[in-house]
Every structure is written in C-alpha cells, then in structure tokens.
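Let's take a walk through a protein chain together, starting with the whole and then zooming in on a few details. Have a look at the picture before reading on.

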Amino acid sequence: MFDFHTHNLDAPAGKAVINLPREALLSPECFAWRDGALYSAGIHPWWTDDAGACRLMLDNLERIAALPQVVAVGECGFDRLRGDVTFQETLFAEHVRISEHLRKPVTVHCVRAFDMLLAARKALRPTQVWTVHGFRGRPALARQLLSAGIDLSF
C-alpha cells in the first residue's frame, strides 16, 4: 500500500508522499527532512490570502521542488471556498511551469473550480501528469477530467 498524498509528517518513509507544510516553504532551512521520506512541495490554495507569504514560498518553491526527495509539485490548485481564487490562477501557472521544468507530476487540490482546472489544462498544455487528489465528483465530471488527461485519486 502506498499513499500518494498525505499531510502526515510521520508517514512511514517510502510508503507515502508527504505534502510539505507551509512552514517548510517559508523557512526550508528549519524543516527536519527525514531520511528515505518522499515529499511534494507546493502552495496550497488555502494559503493564498497572504500574498507576501505566497511570494516568499514561491521564491523557495523551485529550489525545494528540485530536491531529489521531492517527487511531485503541489498540492496546488483552485478552491472557490477558501483563499484568493484570482491569485490561485497565477500561482497554479507557476507550479505548472516548475513541474514542466523539473519533469515532476502535479498534485492538484480542486474545490468547486473544475472549470478553472480544465481551462488551465487547455491553456498551459502540460506534458507532466496532473492528479486531482481526493476526487469525489460525479461520474460525468470524472469522464471529462480523464478525457482532458487529468488523473484522479480517491
């Protein structure tokens, strides 16, 4: 069993991809990296209300995402219920740029914004895998996302 996306910092090494917390992107030198652990690095849409902090995290993101133990970019994406959805679009495009440059997949958070995700997919034309984590939508939406080349996790 392998958990491709967790926020549990104590997940067993090699058994999960651990999403880095906000603090790790703000102060990467203070984060306690675990031997053998795999990570994903991204600016969560919920964190987008603080533009200053997001700029600092974005400045650190490409360097952190390039580390060999970081195997995915994200969790990033769109959430119409929390955060600044306009800023989320800008940040998502930056995540995709980093993903393409580093050739690493993207882990997507999407709440009530699948239209935005599909528009981004069409506009950005990525070659790397995008996976929506925790998908709970209807079958028709699942078919639409899969047809657009976006993977789903449950």
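How much area does the protein chain expose, and what share of it do carbon and sulfur atoms supply? The exposed area comes to about 8,100 Å², and carbon and sulfur atoms supply 54% of it. Keep in mind that what you're looking at is a predicted model.

**The whole chain**

If you count up the secondary structure, you get five helices and seven strands. Going along the sequence, they follow the pattern β-β-α-β-α-β-α-β-α-β-α-β. The radius of gyration is 15 Å, close to the 15 Å that the globule rule gives for 154 residues, so the chain is as compact as a globular protein of that length. Measuring along the principal axes, the C-alpha trace spans about 40 × 40 × 30 Å.

What about the inside? Of the 154 residues, 47% count as buried. Contacts also link distant parts of the sequence: among those with a separation of 6 or more, 60% are between residues 24 or more positions apart.

Then there's charge. The chain carries 17 positive and 17 negative side chains, and the centres of these two sets lie 8 Å apart.

**Strands side by side**

Strand S2 (residues 16-19) and strand S3 (residues 38-41) run parallel and are joined by three bridges. Here Asn 19 stands opposite Ser 40 in S3. S3 also pairs with S4, again in the parallel sense and over three bridges. In that pairing, Ser 40 has Ala 72 of S4 as its bridge partner. You can therefore use Ser 40 as a handy landmark, with Asn 19 opposite it and Ala 72 as its partner in S4.S4 has something else to show you: the peptide bond from Gly 74 to Glu 75 is cis, with omega near 25 degrees. Glu 75 is found in strand S4. For background, most peptide bonds are trans.

**A look at helix H4**

Which residues of helix H4 (residues 114-124) are buried? They are Phe 114, Met 116, Leu 117, Leu 118, Ala 120 and Arg 121. These buried residues have plenty of neighbours to pack against. Among the helices, they pack against H3 (85-102) and H5 (139-147). Among the strands, their partners are S4 (70-79), S5 (106-111), S6 (130-132) and S7 (150-152).

Right after H4 comes Arg 125, with a positive phi near 45 degrees.

**Three arginines in loops**

Arg 125 sits in the loop between H4 and S6, and two other arginines also have loop positions worth finding. The table lines them up.

| Residue | Loop | Relative accessible area |
|---|---|---|
| Arg 103 | between H3 and S5 | 68% |
| Arg 125 | between H4 and S6 | 70% |
| Arg 138 | between S6 and H5 | 68% |

Why does Arg 103 count as exposed? Exposed means over 50% relative accessible area, and Arg 103 has 68%. Arg 125, at 70%, counts as exposed too, and so does Arg 138 at 68%.

Now for the backbone. Most residues other than glycine have a negative phi. Arg 103, however, has a positive phi of about 55 degrees although it is not a glycine. Arg 125 is also a residue other than glycine with a positive value, near 45 degrees.

Finally, how far apart are the C-alpha atoms of Arg 138 and Lys 15? They are separated by 29 Å, and the two residues are 123 residues apart along the chain.

Definitions and conventions
Residues numbered from 1 in each chain as written. Predicted model: local features only at pLDDT ≥ 70, side-chain atom pairs only at ≥ 80, totals over all residues. Heavy atoms only, no water. Buried < 20%, exposed > 50% of the residue type's maximum accessible area, 1.4 Å probe, protein only. Helix = DSSP H or I, 4+ residues; strand = E, 2+ residues; numbered from the N terminus. Contact = heavy atoms within 4.5 Å. Rg over C-alpha atoms; globule rule 2.2 N^0.38 Å. Areas by Shrake-Rupley, 256 points an atom, 1.4 Å probe, with all protein chains shown as cover. Lys, Arg positive; Asp, Glu negative; His and termini not counted. Charge placed at Lys NZ, Arg CZ, Asp CG, Glu CD. Pairing = 2+ DSSP bridges.
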